[in-house]
Amino acid sequence: FPGQGSQYVGMFSNKKDIPSVKALCDKAKSILGYDLLKLCLEGPEEKLEETSVCQPAMFVAGAAGMEVLKQEKPDKATRFQACAGLSLGEYT
């Protein structure tokens, strides 16, 4: 799971329509008070680079990755033997 600095405008573009990912983004919006998905898709990049925005984005991106893994390879998502993360990615 990546850490801060891996964010980019356009992230989530290929996962935004997955229902479980959309639910994660909706939950983040209700907690954060702003539309994290819109910010990730449209920017501006300067805003996405702010720690207070970047860290929630990276956390939700990691959780979204797990949702995709659950759909594509459910056995790998529930029976993994190891996991690695960098910086904030260690918490995801």
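How do the residues lining the largest pocket divide into nonpolar, polar and charged: how many of each? The legends below take this predicted model one view at a time.

**View 1. The largest pocket and its lining.** The lining divides into 8 nonpolar, 4 polar and 1 charged residues. About 210 Å³ of space lies in this pocket. Its lining holds 13 residues. Nearest the centre lie Tyr8, Met11, Phe12, Lys15 and Ala61.

**View 2. Phe12, a residue with positive phi.** Phe12 sits in the segment before helix H1 (19–32). Its phi is near 80 degrees, a positive value in a residue other than glycine. Most residues other than glycine have a negative phi. Phe12 counts as buried because its relative accessibility is 6%, under the 20% cut-off. Phe12 is also among the pocket-lining residues nearest the pocket centre.

**View 3. The cis peptide bond from Gly43 to Pro44.** Omega of this bond is near 15 degrees. Most peptide bonds are trans. Pro44 belongs to the loop between helix H2 (36–42) and helix H3 (45–48).

**View 4. Cysteines without a disulfide.** The count of disulfides is 0. Why does Cys40 form no bond with Cys25? The two sulfurs are 7.2 Å apart, too far for a bond, because a disulfide needs cysteine sulfur atoms within 2.5 Å. Cys25 holds the cysteine sulfur closest to that of Cys40. For Cys54, the closest cysteine sulfur is in Cys40, at 8.8 Å, so this pair is too far apart for a bond as well. Cys40 counts as buried, at 0% relative accessibility. Cys54 is buried too, at 0%.

Note on methods. Residues are numbered from 1 along each chain as its sequence is written. This is a predicted model: local features need pLDDT of at least 70, side-chain atom pairs count only at pLDDT 80 or more; totals for chains, interfaces and linings use all residues. Side-chain values use heavy atoms; hydrogens and water are left out. On a 1 Å grid over the protein atoms alone, a cavity is a set of points where a 1.4 Å probe fits but cannot get out, and a pocket is an open set with protein on both sides within 12 Å along at least five of seven lines; lining residues have an atom within 4 Å of a point. Grid points are joined across faces, edges and corners, and a volume is the space filled by probe spheres set on the points. Ala, Val, Leu, Ile, Met, Phe, Trp, Tyr, Cys and Pro count as nonpolar, Asp, Glu, Lys and Arg as charged, and the others, Gly among them, as polar. Helices (H or I, at least four residues) and strands (E, at least two) are DSSP runs, numbered from the N terminus. Buried means under 20% relative accessible area, exposed over 50%, partly exposed in between (1.4 Å probe, protein chains only).
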